[in-house]
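Welcome! Take a moment to look over the sequence and turn the 3D view around before you read on. The notes below will then guide you from place to place.

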Amino acid sequence: MSARGTFIVIEGLDRSGKSTQAGIIHKKLAERFGDQRVKLIKFPDRTTPIGKMIDSYLRSQSDLDDQAIHLLFSANRWEVASSILSDLQNGITIVCDRYVYSGVAFSASKGLSFDWCVAPDVGLPSPDVVLFLDISPEAAKLRGGYGEERYEKEEMQRRVRENFKQLGKEQKTTKEESWVEIDAGKGLASVTEDVWTAVEKVMGQQAEDVQKLW
Ligand code: T5A
Ligand code: NA
């Protein structure tokens, strides 16, 4: 097993079950490797000053140009990029609830070009695996809380889903096994099993050096 930690990213549409699965993976890995060897992080991190601006925007308490909010989401990742890198190098596995793929998929669905959306995230630590929780917007809508935040509209989620699929195709051309699509419309036990199978496959298999996006 490689000495550095594994960088696991969970992505998907709103209400696809990302936080639920990220929590389960974190717990299982902590049981196996110890609390000190695994960390759970999420984007947006609404606790930082930049994160508070993002939170206010998502709750429709403030308005920002599409470009401005996109750059804030990216800056919110850059705030912790060096700590992600040093944790990985120190053997800590990171479970990350949303990352750059959400950044591009959501902003591009508002009409910004893929190239423009990708640019501010260039150079961030690259995940060893992206677990993409795929669900139809119709099914996601039936889950609790949908519709409270700015982007939780069926039509937008449909475009976001297409963008995620496009990003997945591109990711696979770099490294086939680094993008795993999971049917998140199934029951909790079944999704948990599929997610865990994918995690076990990738643990400790990464190259020694952390790669950079994209
Ligand atoms: N965003 C984010 C950008 O535009 N750019 C960016 O760069 C980034 C990082 C906030 C918004 O920001 C956008 C994307 C988002 O629109 P958020 O804070 O992650 O992102 O959003 P949250 O509201 O925290 O999370 P989600 O709405 O995305 O939900 P999750 O985490 O996918 O789903 P989860 O686990 O909370 O589950 C939802 C419900 O479903 C149930 C759960 O119990 C819960 O009630 N559930 C299941 N039910 C049935 N079957 C299953 N298998 C289930 N799994 C979970
Ligand atoms: Na979530």
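This briefing walks through the pockets, the ligand, the salt bridges and a few backbone details of the structure. Please keep in mind that the model is predicted. A good residue to find early is Arg-15, one of the residues nearest the centre of the largest pocket and also one of those that come nearest to ligand 1.

**The largest pocket**

- The volume of the largest pocket is about 650 Å³.
- Its lining is made up of 33 residues, and those nearest the centre are Asp-14, Arg-15, Lys-18, Lys-42 and Arg-98.
- Four elements give two or more residues to this lining: α1 (18–33), α3 (66–89), α4 (100–108) and α8 (188–202).
- Sorted by class, the lining of the largest pocket holds 13 charged, 10 polar and 10 nonpolar residues.

**The second largest pocket**

- The second largest pocket holds about 390 Å³ of space.
- Here 20 residues form the lining, with Ser-126, Gln-171, Thr-174, Leu-213 and Trp-214 nearest the centre.
- Both α5 (114–118) and α7 (154–174) supply at least two residues of this lining, and α7 has the largest share, with four residues.
- The lining of the second largest pocket includes eight nonpolar residues, along with six polar and six charged ones.

**Around ligand 1**

- There are 26 residues around ligand 1, and Arg-15, Lys-18, Thr-20, Arg-46 and Arg-98 come nearest.
- The side chain of Arg-46 has an N or O atom 2.8 Å from an oxygen atom of ligand 1.
- For the side chain of Asp-14, an N or O atom is 3.0 Å from an oxygen atom of the ligand.
- Leu-188 takes part through its backbone: one of its polar backbone atoms is 3.4 Å from a nitrogen atom of ligand 1.

**Salt bridges**

- Side chains of opposite charge can pair when their charged atoms come close.
- How many salt bridges does the structure hold? The count is 22.
- Arg-15 pairs with Glu-152, and their closest N and O atoms are 3.7 Å apart. This salt bridge links distant parts of the chain, 137 residues apart: Arg-15 is in the loop between β1 (7–12) and α1, while Glu-152 is in the loop between α6 (137–141) and α7.
- Are the two partners buried or exposed? Arg-15 is partly exposed, with a relative accessible area of 29%, whereas Glu-152 is buried at 7%.
- Arg-77 and Asp-121 form another salt bridge, with the closest N and O atoms 3.1 Å apart. Because Arg-77 lies in helix α3 and Asp-121 in the loop between α5 and β4 (129–134), the pair ties together parts that are 44 residues apart in sequence.
- Arg-77 counts as buried, since its relative accessibility is 2%, and Asp-121 counts as buried at 0%.
- Asp-194 and Lys-186 also meet in a salt bridge, at 2.9 Å from N to O. Asp-194 is partly exposed at 28% relative accessibility, and Lys-186 is partly exposed at 34%.
- One network, built from salt bridges that share partners, joins Glu-138, Lys-141, Glu-154, Glu-155, Arg-158 and Arg-159.

**Backbone details**

- Most residues other than glycine have a negative phi, and most peptide bonds are trans.
- Which residues are joined by a cis peptide bond with omega of about -5°? They are Phe-43 and Pro-44, and Pro-44 sits in the loop between β2 (38–42) and α2 (49–58).
- Another cis peptide bond, with omega of about 0°, joins Leu-213 and Trp-214. Trp-214 belongs to the segment after α8.
- Arg-15 has a positive phi of about 70°, although it is not a glycine.
- Arg-98 has a positive phi too, near 75°. You can find Arg-98 in the loop between β3 (93–97) and α4, where it is buried with a relative accessible area of 14%.

**An exposed loop residue**

- Asp-35 is in the loop between α1 and β2. It counts as exposed because its relative accessibility is 60%, and the cut-off for exposed is over 50%.
- In sequence, Asp-35 and Gln-211 are 176 residues apart, and in space their C-alpha atoms are 25 Å apart.

Conventions: Residues are numbered from 1 along each chain as its sequence is written. Chains are lettered from A and ligands numbered from 1 in the order in which they are written. This is a predicted model: local features need pLDDT of at least 70, side-chain atom pairs count only at pLDDT 80 or more; totals for chains, interfaces and linings use all residues. Side-chain values use heavy atoms; hydrogens and water are left out. On a 1 Å grid over the protein atoms alone, a cavity is a set of points where a 1.4 Å probe fits but cannot get out, and a pocket is an open set with protein on both sides within 12 Å along at least five of seven lines; lining residues have an atom within 4 Å of a point. Grid points are joined across faces, edges and corners, and a volume is the space filled by probe spheres set on the points. Ala, Val, Leu, Ile, Met, Phe, Trp, Tyr, Cys and Pro count as nonpolar, Asp, Glu, Lys and Arg as charged, and the others, Gly among them, as polar. A salt bridge is a side-chain nitrogen of Lys or Arg within 4 Å of a carboxyl oxygen of Asp or Glu. Buried means under 20% relative accessible area, exposed over 50%, partly exposed in between (1.4 Å probe, protein chains only). A residue is near a molecule or strand if one of its heavy atoms lies within 4 Å of it. A polar contact is a pair of N or O atoms within 3.5 Å; within protein, one must be able to donate a hydrogen and the other to accept it, and residues adjacent in sequence count only if both atoms are side-chain atoms.
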